[in-house]
Amino acid sequence: MPARFLVAFSLAGEQRELVRAIAEAVENQLGRRSVFFDEWFEHYIAGDDADLKLQEIYGRRCELAVVCVSERYGSKPWTQAEHRAIRARNMKCSTAAEKRERDAILPIRVGDGEVEGILFNAIVPDVRGRSAAASADLIIARVHLLRPDLAAVAAGAPPGPAWPATPPPLSWPMANHSGAREAFAQLLTSDVLWRLLRIRGGSETGKSHITRQMLANVLPIAGIACGRFDFKGSTDMDREVRAFVQNLGVTAPPSTARLHERFDQILDALRQRAQPTLLVFDTYEMAGEAQEWVEKSLLQSMIRETWLRVVIAGQQVPDATGSVWAAVACPSVQLEPPPPADWYDYGKRHRPNLELAQVETACYLARGKASLLAQMLGPAT
């Protein structure tokens, strides 16, 4: 938890979707962990004293408290508790020697209805008809009244590593699977509208082969960290975790911790750096208790961790229906075993004298296993 936030949003759940988009836009400009939005810090506020923690955040631990005005905000016990702390802060700020402190509370209208304590003569900007970016600009301009130094700091900050604007050149020693390959190329770009790629397929459809090639494609790209974790190999968890972190640039967690606890430590270390990172998870149907960490921790964090890209492959993949992370997920890609004709086209690039009948025999003997066929029909070593 940051010691202090630049902006903290106080809202009723009915307006969560609208406010979340604004909060994300604000954080994209002010920086990671500069914004408090309750669902992003559920791990901290959970427990019996949640009301006290929330009152502390809105009352003392933020530069700007944004009150999201609606009828539901004024009628709920939780938001009433938050607003009591904000009103107390408002009373204290009204007599502050530093005039800027009097601007530390900003009401914005996100729904119909009034809130007790916000008077008729208060100007409450209505953001319902504005874009998230325009609403964020309003809030950030208010933050700069409180903290004029922020603009100078941002202007002088050197740009860090970023995702490329266009897909980098990629090598695919495999037949077909063009849908997954094209989606992966988009995933590696800065302007992609989604950041989670799910690849689903039955046994021997080439899922593991393609995820290994994803890792091989990204490792040479400067400025992008990458790790691949195969849940099929988690019987030797220590070795799999060491392989996972070796190209992520973070320290392997202690072997005494459970798998989801190790993942938490790795993700926290990556958050501290906040540089372009690709995480690839294979054989997801064997993730066991780690599935809960993936879907409730990793994927939810992706809503605002714009530096992060994730690939999940398996016979089963997380279902986005009704999830809070659905907006960052690409429609899942279904893999089918490439037919012999596709392997023949692939093999002809490396063996001009290859015949289709030979490839059909190879596919039969290899039982369609993509990694084996790639060795048999790919470049001679």
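## Exercises on a predicted model

In β2, Val35 is the bridge partner of Val7. The model is predicted.

**Exercise 1.** Find how many bridges join strand β1 to β2, and place both strands in their sheet.

*Solution.*
- Step 1. Start with β1, residues 5-10. Strand β1 is joined to β2 by 2 bridges, and the two run parallel.
- Step 2. Write down the strand order. The sheet is open, has 4 strands and reads β2-β1-β3-β4, with parallel pairing.
- Step 3. Look at the edges. β2 (35-36) and β4 (105-109) stand there, each with a single partner strand, so each has one side without a neighbour in the sheet.

**Exercise 2.** Decide which residues of helix α10 (residues 237-245) are buried, and explain how they are arranged around the axis.

*Solution.*
- Step 1. Apply the cut-off: buried means under 20% relative accessible area. In α10, Glu240, Val241, Phe244 and Val245 are buried.
- Step 2. Check their directions. The four span an arc of only 125° around the axis, so they lie on the same side of α10.
- Step 3. Identify the cover. The elements over these buried residues include β6 (225-230), α11 and β7 (277-282).

**Exercise 3.** Describe the second largest pocket: its volume, its lining and the elements that supply it.

*Solution.*
- Step 1. The second largest pocket has a volume of about 470 Å³.
- Step 2. It is lined by 16 residues; closest to its centre are Trp40, His43, Arg271, Lys296 and Ser297.
- Step 3. α2 (42-45), α11 (259-273) and α12 (290-301) each give two or more residues to this lining. The largest share, 4 residues, comes from α12.
- Step 4. Sort the lining residues by type: 4 are nonpolar, 4 polar and 8 charged.

Definitions and conventions: Residues are numbered from 1 along each chain as its sequence is written. This is a predicted model: local features need pLDDT of at least 70, side-chain atom pairs count only at pLDDT 80 or more; totals for chains, interfaces and linings use all residues. Side-chain values use heavy atoms; hydrogens and water are left out. On a 1 Å grid over the protein atoms alone, a cavity is a set of points where a 1.4 Å probe fits but cannot get out, and a pocket is an open set with protein on both sides within 12 Å along at least five of seven lines; lining residues have an atom within 4 Å of a point. Grid points are joined across faces, edges and corners, and a volume is the space filled by probe spheres set on the points. Ala, Val, Leu, Ile, Met, Phe, Trp, Tyr, Cys and Pro count as nonpolar, Asp, Glu, Lys and Arg as charged, and the others, Gly among them, as polar. Buried means under 20% relative accessible area, exposed over 50%, partly exposed in between (1.4 Å probe, protein chains only). The arc is that of the directions from the helix axis to the C-beta atoms. Contact means heavy atoms within 4.5 Å. Two strands pair if DSSP finds at least two bridges between them.
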